[in-house]
Amino acid sequence: MHKLMFSLIAILFSTLAFAAEGDWYQFQGPTGDNHTTSDKLPLRWSETENIKWKTAIHGRGWSSPVIWDHQIWMGTATPDGHKMFAVCVDAESGEIVHDIRLFDVEEPREIHKLNSYASPTPIIEAGRVYMHFGSYGTACLDTKTGSVLWQRRDLPCHHWRGPGSSPIFYKNMLIVHYDGYDYQYVVALDKQTGQTVWKTDRAPYVAYGTDDGDIMKAYSTPIIVNIEGQDQLISPTSKATVAYDPLTGKELWKVTYDEFSATAKPLYSDGLFFINTGFGKAKLYAVRAGGTGDVTESHVEWIQSKSVPSKPTPLLVDGSIFMIHDAGTATCLDAKTGEIVWQERVSGNYSASPLASPGRIYMFDQDGKTTVIEAGREFKILAENQLEKGFMSSPAVYRDDLILRTETNLYRIGN
């Protein structure tokens, strides 16, 4: 009897672990930090090696793929931004299951040459996927039928260079950043109805000192961290990162800096937040948890400014921070001190965030090359792999395979 019970418990835990790994349900995965527990990801591939399927995705969209069960969802748009779509691909066959035209836009605003009109990553749960295109529209879809359950197109924001922030879940809410030239705010929507639960303006917290749209916009996706029993929404914007109560939108603390247009997600470990300050020569701040009010002078433990990326989110692995700069310099930092452990030049330009698997770091460049290095205190390249087109989207993991979106195609890559 006892042996049977232990066997059932072991099966239950292995099943739960597998399901959690399979559901890459949000930007940068189940844990929100681009980590996978799979130690069986492929090390080498090419257009003719270890490709399980390759599916063309129409239009232009940098949204990263999200996965629930066997469905892969992503956004795309026409290059001119007049039409926006939700696309669903079957993870087993690579066939397109849904291709839904969601929004028509009469006068899309200009975007940066490195951005797209479909850069925000959707978020998915059982039966529902939430597609987000910034102020152009947010829609909740039934994942089986593709029908629209609700939509919002009344949340204003001039993104200036195009939208980029992705939504996250908190309890029954969908939380989204709107950081643009004209409006800067955070809003929580009811997942069931799309109605506004709370909305908090940035204006009281951030002094931009200019009306330059490039200085005021931002692209970051927030995270939720529990500090001493209190959930906190860690929310980067331009020139500041603000922590809010995710239930109400009330400010808890903030840290300010000179840089702007934050893109990378914050990280957290062992009482320290790691905050990327954005463009204008990005810095990485280590901020001690537990503060209230303005903690800029009191809680910043260290600042690192050498080769900190502006777009790719760093990785935190076993007390080390691994970064790939936009222009191709890889760095390993000591997370406690901020000191550089090693720094090496890796060819290429980078927008996608790197991926951590046990013992490895995967880095994806804008020309289609993936460099795999050892996740250690010595720099060691394990493999270099080339696909036809470049990476602007961050990766996803399905079972023990990579789901990679290039500028033109979606790939399932596995041994």
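Sorted by class, the 31 residues lining the largest pocket come out as eleven nonpolar, 16 polar and four charged. This is a predicted model, and that pocket has a volume of about 580 Å³. Sitting nearest its centre are Leu114, Asn115, Tyr219, Thr263 and Lys311.

Next up is the second largest pocket, at about 340 Å³. It has 19 lining residues, with Gln26, Thr31, Gly32, Ile223 and Ile224 closest to the centre. The class split here is 13 nonpolar, four polar and two charged. Strand 10 (168–170), strand 14 (223–227) and strand 18 (267–269) each chip in at least two lining residues, and strand 14 gives the most, with three.

Now for the rings. The count comes to 15 aromatic pairs. Two of them look like this:

| Pair | Centre distance | Plane angle | Geometry |
|---|---|---|---|
| Phenylalanine 103 and phenylalanine 133 | 5.9 Å | 85° | edge-to-face |
| Tyrosine 117 and tyrosine 136 | 6.1 Å | 65° | edge-to-face |

The phenylalanine pair ties strand 5 (residues 96–104), home of phenylalanine 103, to the loop between strand 7 (128–132) and strand 8 (138–142), where phenylalanine 133 sits 30 residues away. Both of these phenylalanines are buried. Tyrosine 136 is in the loop between strand 7 and strand 8, while its partner tyrosine 117, 19 residues apart from it, is in the loop between strand 5 and strand 6 (123–125). These two tyrosines are buried as well.

There's also an aromatic cluster made of Tyr25, Tyr130, Trp150 and Phe169. Phenylalanine 169 has company: the charged end of lysine 191 sits over its ring, 4.3 Å from the centre. Likewise, lysine 199 puts its charged end over the ring of tyrosine 185, 4.4 Å from the ring centre.

Key: Residues numbered from 1 in each chain as written. Predicted model: local features only at pLDDT ≥ 70, side-chain atom pairs only at ≥ 80, totals over all residues. Heavy atoms only, no water. 1 Å grid on protein atoms, 1.4 Å probe; cavity = no way out; pocket = protein on both sides within 12 Å on 5 of 7 lines; lining within 4 Å. Points joined across faces, edges and corners; volume = space filled by probe spheres on them. Nonpolar A, V, L, I, M, F, W, Y, C, P; charged D, E, K, R; others polar. Helix = DSSP H or I, 4+ residues; strand = E, 2+ residues; numbered from the N terminus. Phe/Tyr/Trp six-rings, centres within 6.5 Å; stacked < 30°, edge-to-face > 60°. Buried < 20%, exposed > 50% of the residue type's maximum accessible area, 1.4 Å probe, protein only. Lys NZ or Arg CZ within 6 Å of the ring centre and 35° of its normal.
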